[in-house]
Amino acid sequence: MRKIAIIVFLVAASARAQVTVIRAGTLIDGTSSTPRKNQTIVVRGSRIESVGGDVAAPAGATVIDLSNMTVLPGMIDAHTHIFLQGEDPAEGGYDIQLLKYPLAYRAARATVAARRALEQGFTTIRDVETEGAGYGDVGIKMAINEGRIPGPRMFVVTRAISTTGGYNLEGYAPEIEVPKGAQLIDGPIEARKAAREQLANGADWIKVYMTHRSWVDKQGNLVSQPTLTVDELKAIVDEVHGWKKKVACHAYGGEGMQRALDGGCDSIEHGLDLTDANVAQMVRQGTWLVPTLSVYYTHNEPADTPGGKRDRKRVAVHGPSFQKAMKAGVKIAFGTDVGGFSWSDPIAQEFARMTEFGMSPMDAIRSATSRAADLLDMTGDLGVIAPGAYADIVAVGGDPLRDVSVLKDVRFVMKDGAVFKPAAQ
Ligand SMILES: [Zn+2]
């Protein structure tokens with residue numbers, strides 16, 4: 001009996017100390033401004049032990065040869081929705097998700113979405129609300145962390161918060177009570193209570209909608225309806241910061257954006273129409289921008305309709321707004337709103353939009369690695385290939401600094417030191 005116990009112990013110990021050596025032809029480590037050639041990465045258990053050009057492979061290590069590839073940290077998408085599936089109008093759009101689909105069906109599809117993120121090399125996501133699926137994100141995260149289903153590390157926000165008149169579903173007879181895609185509050189007391197409920201039930205971040213409807217006015221400006229008051233938002237931010245967590249705010253521009261900044265949001269999501277004053281305030285307060293550029297190019301309504309004019313105006317103002325923020329030194333983290341577009345589309349299409357508007361490929365990669373890790377308070381743990389970091393490592397075939405589109409074709413994925421997608425030989 002004793003001998004068996006010792007053997008079991010040794011097997012368990014060696015499984016814990018599993019050592020893998022990766023030979024990287026080119027290494028982009030997530031923080032450095034230049035890549036390095038012919039690097040060796042030693043992974044012990046779930047963490048990176050050492051990285052360098054003259055690192056010897058420990059005896060008995062499993063060697064993975066990526067010498068003809070570019071190796072990068074596992075990427076981070078800081079704005080996803082695993083409980084949305086592209087909202088294709090031909091498939092019933094948004095409303096059908098809440099009105100006709102059982103939660104188990106939505107959870108099943110969320111499981112596939114989570115797997116899709118990992119397959120594409122996104123080893124971490126901040127999933128910014130379940131759109132009527134309650135605390136489903138907490139459940140999916142639990143199943144991933146227990147190793148029951150494959151998926152990225154998840155930072156979840158649960159239900160999100162808006163106000164009466166500030167979120168879908170809308171447009172039904174007032175006599176009919178329809179479900180809402182977010183938790184609606186009115187007044188600072190309800191606002192704080194909603195934040196407490198969500199935090200108590202597993203939210204890592206709190207998501208707030210600071211603008212809702214938008215349209216083009218007579219002068220041709222994009223106008224967005226504000227939702228929470230500054231007092232309502234401040235109650236949420238105060239509560240969440242007390243828990244040492246952060247608040248992500250959906251905001252397009254105008255009054256709602258001003259309230260988002262005055263109320264102390266930690267990250268502005270989308271930020272379609274930032275003024276110079278908004279940008280200056282973001283720099284002063286250290287507010288992050290998660291721009292989600294590419295989603296606004298999908299599913300636009302016909303050009304000659306009010307909705308179509310709005311959709312085109314959103315696209316027209318977004319690029320210059322992003323450029324303004326970038327030039328002023330606003331902290332920018334990569335986010336896509338995937339789920340707002342189909343999970344079968346490449347998440348990494350966002351890189352081409354960021355570089356089209358003047359961000360360098362290396363900065364775009366850093367926004368999806370070390371910078372996004374900073375946003376998540378995971379500096380040094382995620383988004384970097386360096387000793388001590390989690391062994392979340394991906395590889396692509398070409399040179400992403402010459403052509404960011406190669407990031408759409410991730411050939412190797414390791415998460416937590418375990419290979420999820422082996423490199424095709
Ligand atoms: Zn979103």
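**View 1. The buried residues of helix H8 in this predicted model.** Look along H8, residues 276-285, and pick out Asn278, Val279, Gln281 and Met282: these are its buried residues. They span an arc of only 160° around the axis, so they sit on the same side of H8. The general rule behind this kind of pattern is that an α-helix has 3.6 residues a turn, so residues three or four places apart point the same way.

**View 2. What covers the buried residues of H8, and what lies on its other side.** The cover over those buried residues includes helix H7 (254-262), strand S14 (267-273), strand S15 (288-290) and helix H9. Swing round to the other side of H8 and you find Asp276, Ala277 and Arg284, which are exposed.

**View 3. Helix H8 crossing helix H9.** Here H8 comes together with H9, residues 306-328: their axes come within 10 Å and cross at roughly 40°. That angle makes the two helices oblique to each other, and their crossing is right-handed.

**View 4. Side by side, the residues that meet between H8 and H9.** H8 brings Asp276, Val279 and Val283 to this contact, while H9 brings Lys324, Ala325 and Ala328. Sorted by type, the residues of the contact come out as 4 nonpolar, 2 charged and no polar. Two of the H8 names may ring a bell: Val279 is one of the buried residues of H8, whereas Asp276 is exposed.

**View 5. Just past the end of H8.** What follows the helix is Gly286, and its phi is positive, near 75°.

Methods. Residues numbered from 1 in each chain as written. Predicted model: local features only at pLDDT ≥ 70, side-chain atom pairs only at ≥ 80, totals over all residues. Heavy atoms only, no water. Axes fitted to C-alpha atoms, helices over the stretch in contact; angles between N-to-C directions. Helix = DSSP H or I, 4+ residues; strand = E, 2+ residues; numbered from the N terminus. Parallel < 35°, antiparallel > 145°, perpendicular 65-115°, else oblique. Left-handed = near helix turned anticlockwise from the far one by under 90°. Contact = heavy atoms within 4.5 Å. Nonpolar A, V, L, I, M, F, W, Y, C, P; charged D, E, K, R; others polar. Buried < 20%, exposed > 50% of the residue type's maximum accessible area, 1.4 Å probe, protein only. Arc of directions from axis to C-beta.
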